[in-house]
Amino acid sequence: LTVPFALRHLRHGMKRGIIYGTLFATVAFILLSLMLIYEHVDISLMFVGFAVSLGVYRGLYRIPYEIETHYNAGTVRGESAVLYDTLIALMPALAGYLEYAHPGLPAFMFLTAALVLILSLIPLAAVHNVYEQFSWGYGETFSHLFARKHRQLVLVHFYNGVEGAVLVLVWPLTIFILTGFSFLLFGSILSLTFLGSLVSRYLTRSIRIEHAVTHSAVVEVALAASAWVARLVVLSPLSIVLVDVYSKIKGKRHDDFAVLYEHTIDNGLYLDEYTALKEEARAMGKVAVLLLGV
């Protein structure tokens, strides 16, 4: 619901969206920590506030093109890129260990995350502002979303949203159950998966480029389908890691950290009216999965 409004206001510059988006994310993390601290009180309003704040953040926050293309062009590479990805990959294991060692620590971790978000606005002053135009009005955007001429585009990204919701919600919950509700083992599995994906992507990079795997629809579908079949028969933590690493061979580095890079539907290279349709279609797919879960 926020996307058309957010894109429309990019004419005032991307920095404004980043600032307001970061503030909403900060509020979301603070409310999440309060829910853990005051678990014996009615948390329904805090829960709604958390969900709405996180949703508004996702609609407002846009990564400036210069930063995204700066990374994708290989300017950040070598040891810096390896260290960056490795640190991100180790975060789930670290969080799992901290929760295991100090059960009351998650509330403090979320408050720390809120502080880090606020501090992240400081270097924003050095980022060049970007101004964009979005020609559709709010209601007009949704009329295009359900227009017949955009049906194929919307359906493709609707299904992507369904798969994304399953990967971010249903599949992690399945892993959590298989690990006996152990945050330590759960976090370790996620970190091993991320690290394995980074290594496998590096090892298969030349093969994928040589055979143009990333541009073959048949190979894409075969890998995706076989990965989901394999997920249905996982029985151990090791098999979970192997299946997830296999499923990510076909993707880009953004696919390893789905939540971290969910703001880059068009690879962060541009924003236009069709970007809005793609984001809204994906959101509809996610909502469909959540409603089915409810």
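**Close-up 1. Thr141 and the residues around it in this predicted model.** Setting aside neighbours up to four places along the chain, Thr141 is in contact with Pro4, Phe134, Trp136, Ala276, Leu277 and Glu280. Thr141 sits in helix α7. Its relative accessibility is 0%, so it counts as buried, the cut-off being under 20%.

**Close-up 2. Helix α13 and what covers it.** Helix α13 takes in residues 273-293, and its end C-alpha atoms are 31 Å apart. Why does that agree with expectation? At 1.5 Å a residue, its 21 residues should span 30 Å, so the two values agree. Plenty of α13 is tucked away: the buried residues are Glu273, Thr275, Ala276, Leu277, Lys278, Glu279, Glu280, Ala281, Gly285 and Val289. What lies over them includes α1 (3-8), α7 (138-145) and α8 (151-178).

**Close-up 3. The cap on α13.** Which residue caps the N-terminal end of α13? That job goes to Asp272, with a side-chain oxygen 3.0 Å from the backbone nitrogen of Tyr274.

**Close-up 4. The largest nonpolar core, and a second one.** The largest nonpolar core has 13 residues, and the members touching the most others are Leu7, Leu10, Met14, Phe134, Leu271 and Ala276. Helices α1 and α13 each put in at least two residues, with α13 giving the most at 3. Look at Leu10 in particular: leaving out residues up to four places away in sequence, Leu10 touches Arg62, Val130, Tyr131, Glu132 and Leu271. There's also a second, separate core of 10 residues, with Trp171, Val234, Val241 and Val245 among them.

**Close-up 5. The second largest pocket.** The volume here is about 150 Å³. Which residues line the second largest pocket? The lining is made by Phe5, Ala6, His9, Leu10, Gly13, Arg16, Gly17, Tyr20 and Leu60. Two elements, α1 and α2 (14-37), give two or more residues each to this lining. The largest share, 3 residues, comes from α2. Leu10 turns up again here as a lining residue, after its appearance in the largest nonpolar core.

**Close-up 6. Phe181 and its positive phi.** Phe181 belongs to the loop between α8 and α9 (183-210). Its phi is near 60°, a positive value in a residue that isn't glycine. Most residues other than glycine have a negative phi. Is Phe181 buried or exposed? Its relative accessible area is 54%, so Phe181 counts as exposed, the cut-off being over 50%.

How values were computed: Residues numbered from 1 in each chain as written. Predicted model: local features only at pLDDT ≥ 70, side-chain atom pairs only at ≥ 80, totals over all residues. Heavy atoms only, no water. Helix = DSSP H or I, 4+ residues; strand = E, 2+ residues; numbered from the N terminus. Expected span 1.5 Å × (residues − 1). Buried < 20%, exposed > 50% of the residue type's maximum accessible area, 1.4 Å probe, protein only. Contact = heavy atoms within 4.5 Å. Polar contact = N/O pair within 3.5 Å; in protein donor to acceptor, adjacent residues only side chain to side chain. Core = buried A, V, L, I, M, F, W, Y, C linked by side-chain atoms within 4.5 Å. 1 Å grid on protein atoms, 1.4 Å probe; cavity = no way out; pocket = protein on both sides within 12 Å on 5 of 7 lines; lining within 4 Å. Points joined across faces, edges and corners; volume = space filled by probe spheres on them.
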